[in-house]
Amino acid sequence: MNSLFQNPVVKKFMTYKKSTQTPDDEYEKWSEKAVKNLIKRLKKVSNTGLGDLDRALSAQDKHSRCVLLPRSVDGRLQVSVSRKGLPHVIYCRIWRYPDLTSHHQLRSTDTCTSGYHSKKETICINPYHYERVIAPAELPPILVPRNHGESLPPHSEIPSAEDISGGQVPANADLPHDLNEMDLMTIFPDVGSPTLSGDEMDLEDLQSVSSPIDSPNSSSNCVTLASLPEPPPPNFDMLDVEPVSYAEPAFWCSVSYYELSARVGETFHASQPSLTIDGFTDPSNSERFCLGLLSNINRNPVVEQTRRHIGKGLRLYYIGGDVFAECVSENAAFVQSPNCNQRYGWLPATVCKIPPGCNLKIFNNQEFAAMLAQSVAQGFEAVYQLTKMCTIRMSFVKGWGAEYRRQTVTSTPCWIEIYLNGPLQWLDKVLTQMGSPRIPCSSMS
């Protein structure tokens, strides 16, 4: 430990270290090793890296320059024999956020060109190029009337992603969220922003656009969160309630891939905040779901041709309870998200087109929490209906809907279903606490 401080450069950078609430000698030694390791690496890869880092730390400047390290194969940095970690997390913990526990708590600033989530060959480790994000676990608990001995019938429980996608197409896939009778809205695709899907777009005519009609916001059928009617007063004693809190699951979402009405391959469980779903044949890993290697003996030529055009596919981001979808393919992606449609005042079954290079927020936990709190006051059935908000469908290259030759998602050659595990598990806990539904379940319910 003393030998490290004989190096004046290490000593200088250690003066910028943020103190922890509980001093730990082992952590101090590890921090010094991490700083010494970084200094050696920066001297090898850059003539200006140490100077840029010194200026950023001394001035605590968010507008300082990026400080770059080459990205390793698994993205992590070996500091000691027994400890590896993501480099931006290591140095943010040492120099800015000593209580940092996970990369889920960080996002890069808009001015950072090589943030961890950018997937570039280099990673910026400048601590002032990262900000803390609000953890979904900080959502306020939902006050639910206590269950006095009434158990939830087994057939009323919310199914897991595996239950839903156990090799067969979901039962409601041909009736998207029971809303397929509603017309889908259509507008011109604007550059730089997602648009609502319209006329059929074939592979040989990928640039065609639809005829404009009224803006979705002008529809009298649209209901926004702000315009929802006030829920009726709760019919339970406010002193006889149990708070049910949101808990972050190990896998924030599960993704199933379909070709027409058949599920292909196993369900993918996402643990990382950035997930790429593409058409290539590389092995899948924690941050990438590759569809190219998946086989289907019943695959027809249309599906085969569409798969060739998935390319770089799409990228999902999970940041502080928000889910974003970005189209990184050369061809558009299409999304049906009830939560997103609610936010923008679109009809609930609206299918939205995301052009290449564009992104769209497709789920927000804060909005979901507000709807859940309202629904509890309206009863078991109202809460159960929110399960539809927790499933998102996306198709590659081909869209579907009222203006399409393909009317349902199961008519599209290649599509995925995304199950948001955190909100689903929250609903499950709320429903379990509420007990039995007022209306008995039957084969028709």
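Let me start with the surface: the chain exposes about 21300 Å², and carbon and sulfur atoms supply 51% of that area. Please keep in mind throughout that what we are looking at is a predicted model. Of the 445 residues of the chain, 51% count as buried, and the secondary structure comprises 11 helices and 20 strands. If we take the contacts in the chain with a separation of 6 or more, residues 24 or more positions apart account for 70% of them.

From there I would like to move to a pair of helices. Helix H3, residues 25-45, and helix H4, residues 49-59, pack with their axes 8 Å apart and at an angle of about 130 degrees, and H3 and H4 are therefore oblique to each other. On the H3 side the contact is made by Leu38, Ile39, Leu42 and Lys43, while H4 contributes Gly49, Leu50 and Leu53. Sorted by class, this contact of H3 with H4 has 5 nonpolar residues, 1 polar residue and 1 charged residue.

Staying with H4, its buried residues are Gly49, Leu50, Asp52, Leu53, Asp54, Ala56 and Leu57, a list that includes two aspartates, Asp52 and Asp54, alongside the leucines. As for their partners, the buried residues of H4 pack against helix H2 (8-14), against H3, and against helix H5 (87-95). Just after H4 comes Gln60, whose phi is positive, near 50 degrees.

Now to the cysteines. How many disulfides does the structure hold? The structure holds 0 disulfides, and Cys327 lets us look at one case in detail. The cysteine sulfur closest to that of Cys327 belongs to Cys358, and because the two are 7.9 Å apart, they are too far from each other for a bond, given that a disulfide requires the sulfur atoms to be within 2.5 Å. Cys327 itself counts as buried, because its relative accessibility is 1%, and Cys253 likewise counts as buried, with a relative accessibility of 0%.

Finally, let me turn to Glu326, which is found in strand E15, residues 322-327. Is Glu326 buried or exposed? Glu326 counts as buried, because its relative accessibility is 19% and the cut-off for that class is under 20%, so I would quote the percentage together with the label. Leaving aside residues up to four places away in sequence, Glu326 touches Gly313, Leu314, Arg315, Tyr317, Cys358 and Asn359. Cys358 thus appears twice in this talk, as a residue that Glu326 touches and as the holder of the cysteine sulfur closest to that of Cys327.

Definitions and conventions:
Residues are numbered from 1 along each chain as its sequence is written. This is a predicted model: local features need pLDDT of at least 70, side-chain atom pairs count only at pLDDT 80 or more; totals for chains, interfaces and linings use all residues. Side-chain values use heavy atoms; hydrogens and water are left out. Helices (H or I, at least four residues) and strands (E, at least two) are DSSP runs, numbered from the N terminus. Buried means under 20% relative accessible area, exposed over 50%, partly exposed in between (1.4 Å probe, protein chains only). Contact means heavy atoms within 4.5 Å. Axes are lines fitted to C-alpha atoms, for helices over the stretch in contact, and angles run from 0 to 180 degrees between N-to-C directions. Angles under 35 degrees count as roughly parallel, over 145 as roughly antiparallel, 65 to 115 as roughly perpendicular and the rest as oblique. Ala, Val, Leu, Ile, Met, Phe, Trp, Tyr, Cys and Pro count as nonpolar, Asp, Glu, Lys and Arg as charged, and the others, Gly among them, as polar. Accessible areas come from the Shrake-Rupley method with a 1.4 Å probe; for residues, only the protein chains shown count as cover.
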